[in-house]
2 protein chains.
Amino acid sequence: MTATAADDTNEFAASEQPLSIYELIREDIISGRLEPNARLKVADLATRYGTSTNPIREALQQLRGEDFVVMEPNRGARVRPIDEAFVRDIIEIEVLIEPALTKWFCSIATDADIVDLEAAQAEIEAHNFADPKHHGELDTRFHQLIYDRHYNRHAADLWWKHREILRAISRRFPTSLSRRQAVLREHRELIEAIRAQDADKAAEVVARHVEGSGRHIIEQMGVAKRNGPRRGSA
Amino acid sequence: MTATAADDTNEFAASEQPLSIYELIREDIISGRLEPNARLKVADLATRYGTSTNPIREALQQLRGEDFVVMEPNRGARVRPIDEAFVRDIIEIEVLIEPALTKWFCSIATDADIVDLEAAQAEIEAHNFADPKHHGELDTRFHQLIYDRHYNRHAADLWWKHREILRAISRRFPTSLSRRQAVLREHRELIEAIRAQDADKAAEVVARHVEGSGRHIIEQMGVAKRNGPRRGSA
DNA sequence: ATCTGTTGGATCGTACATTATTTCACATTT
DNA sequence: AAATGTGAAATAATGTACGATCCAACAGAT
């Protein structure tokens, strides 16, 4: 799979080839334009994307296979509702996988790779969390440098899929100041560990990084829920 | 062995509702009736399952999302070809996930759970690898006792999916005598570790178990390839 | 107020049209 | 004459339209 359409925000999308219906719906789910638990009527989507219903149905089935959509017989499809438990489940898997991927990267990293990582990190620090969405893209690119060339495509794809889901969520929440500091610190620690060829240290840092990221997202979700869905004044 | 497509679903005959097209195709892929890399023409499948093409197309899309089939634009679908690298990738992920699941099981296992595990193990030993397919079912049930109640549904589902793929492959190969011994020994070790509440030991045993299982499958695949490519419908 | 028949809407299955690809005969070239 | 390029027909995937079926909400009657 390896959908390498990572950094394009489908605005200049028409330049290459028209994205498939599947990709369009997927992007709309990840970006939040189609909200979690939103009903997905094939007729509506057909008019929305200017096609007939059959491509919509097939795209939804594929998305169901990827767990982005849930379907009940004769009752249609909905965007997968994402709750704290779901995020926790994904994070627990990533805490296992990402350190393993990182360890291998340590054994093949070159000077050029270190330079790339430092450049990506510099961009993150320069941007300094100004825009949550853009930060998400930069942060994804940073970690992608480490995982993308891994020989285990299955594991890398799994990371990517989880990453997109998490990005879709964290996009809606602010990043606390303490979390920002931790992110920057852990990234720097990670680069240092890789440079020092200390695979165990790098794995430990990544595990802590993922764990902390997940905890932060879950906390933000809890805050958002306590403050009530929409309906601001209290 | 020709055909016998009809009676192969006997074990689940109690199921009242007719299986969906998706489930039928999926079963045919896992059971090997649809061979790896086989071309999947919607028209053929439509006549095969006695329906029109649309349900077939949607089922294939879902299976694509689950990575059971691969599709190229305008060139149709094929059963995912499974090679050694693919198995290795899955095993590497399982080596990470299964120990973690097992550790948690240690903390919640009851006497009744131990009894169930021993009963499942007794069945495996009684059967003694007489029929590869049946052994696969028994072995799956053994491990399922450990993973099925885990709170992390995502991880458990991932295990189940990988398990089905591996079962589909190993079903075609014999189990070497040394591997058989190892399987039984490791299962007993695992039960003992759980009984002794030694989570680390249990995790270590499981990691070794998965690793060995994967290595064995990959070796068998290599043997099969050297002994000449399969006869088959192409 | 609960139950039942009706109605509206959406999903699901079938048939057909369109578009792309593969195949194979045939002509051209070396 | 063998090899290769061309093009038309066959084959199969993709898209569109429509009828059948199922479910949910609602109106009216007991």
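Here is a chat between two colleagues about a predicted model of two protein chains with DNA.

Colleague: Let's start with the protein-protein side. How do you know how much area chain A and chain B bury between them?

Modeller: Interface size is often given as the accessible area lost when the parts come together. For chain A and chain B that comes to about 2400 Å², with 55% of it on carbon and sulfur atoms. In chain A, Glu58(A), Leu96(A) and His154(A) lose the most area to chain B, together 24% of what that side buries. The contact takes 26 residues from chain A and 26 residues from chain B.

Colleague: What makes Glu58(B) and Arg57(A) a salt bridge?

Modeller: The cut-off is 4 Å between a side-chain nitrogen of Lys or Arg and a carboxyl oxygen of Asp or Glu. The closest N and O atoms of Glu58(B) and Arg57(A) are 2.8 Å apart, so the pair qualifies as a salt bridge. The rule finds two salt bridges across this interface, along with 13 residue pairs in polar contact.

Colleague: Which elements of chain A give two or more residues to the side that touches chain B?

Modeller: Helix H3 (53-65), helix H4 (84-108) and helix H7 (153-170) of chain A. H4(A) gives the largest share, nine residues. By type, that side of chain A divides into ten nonpolar, seven polar and nine charged residues.

Colleague: On to the DNA. What makes Asn54(A) a polar contact of DNA strand D?

Modeller: An N or O atom in the Asn54(A) side chain is 3.0 Å from a base oxygen of DNA strand D. The limit for a polar contact is 3.5 Å, so Asn54(A) passes. Asn74(A) gets in too, with a side-chain N or O atom 3.3 Å from a sugar or linking oxygen of DNA strand D. From the other chain, Lys41(B) puts a polar side-chain atom 2.7 Å from a phosphate oxygen of that strand. H3 of chain A and strand S1 (39-40) of chain B are the elements giving two or more residues to this surface.

Colleague: How many residues surround DNA strand D, and which are the closest?

Modeller: There are 15, the closest being Thr51(A), Ser52(A), Asn54(A), Arg75(A) and Lys41(B). Of the strand's atoms within 4 Å of the protein, 68% belong to sugar or phosphate and the rest to bases.

Colleague: And DNA strand C: what makes Arg57(A) a polar contact there?

Modeller: A side-chain N or O atom of Arg57(A) is 2.9 Å from a base nitrogen of DNA strand C. That is within 3.5 Å, so the pair counts. Recall that Arg57(A) also forms the salt bridge with Glu58(B). Phosphate oxygens of DNA strand C are involved as well: one is 3.1 Å from a side-chain N or O atom of Lys41(A), and one is 2.8 Å from such an atom of Thr51(B). In all, 14 residues surround DNA strand C, and they divide into four nonpolar, six polar and four charged.

Colleague: Last one. Why are S2(B) and S3(B) called paired strands?

Modeller: Pairing needs at least two bridges, and four join S2 (residues 69-72) to S3 (residues 76-79) of chain B, so they pair. The two strands run antiparallel, and Glu72(B) has Gly76(B) as its bridge partner. Three residues lie between the strands of this hairpin, where Asn74(B) takes a positive phi near 65 degrees.

Methods
Residues are numbered from 1 along each chain as its sequence is written. Chains are lettered from A and ligands numbered from 1 in the order in which they are written. This is a predicted model: local features need pLDDT of at least 70, side-chain atom pairs count only at pLDDT 80 or more; totals for chains, interfaces and linings use all residues. Side-chain values use heavy atoms; hydrogens and water are left out. Contact means heavy atoms within 4.5 Å. Buried area is the accessible area (1.4 Å probe) that two parts lose on being put together, summed over both. A polar contact is a pair of N or O atoms within 3.5 Å; within protein, one must be able to donate a hydrogen and the other to accept it, and residues adjacent in sequence count only if both atoms are side-chain atoms. Ala, Val, Leu, Ile, Met, Phe, Trp, Tyr, Cys and Pro count as nonpolar, Asp, Glu, Lys and Arg as charged, and the others, Gly among them, as polar. A residue is near a molecule or strand if one of its heavy atoms lies within 4 Å of it.
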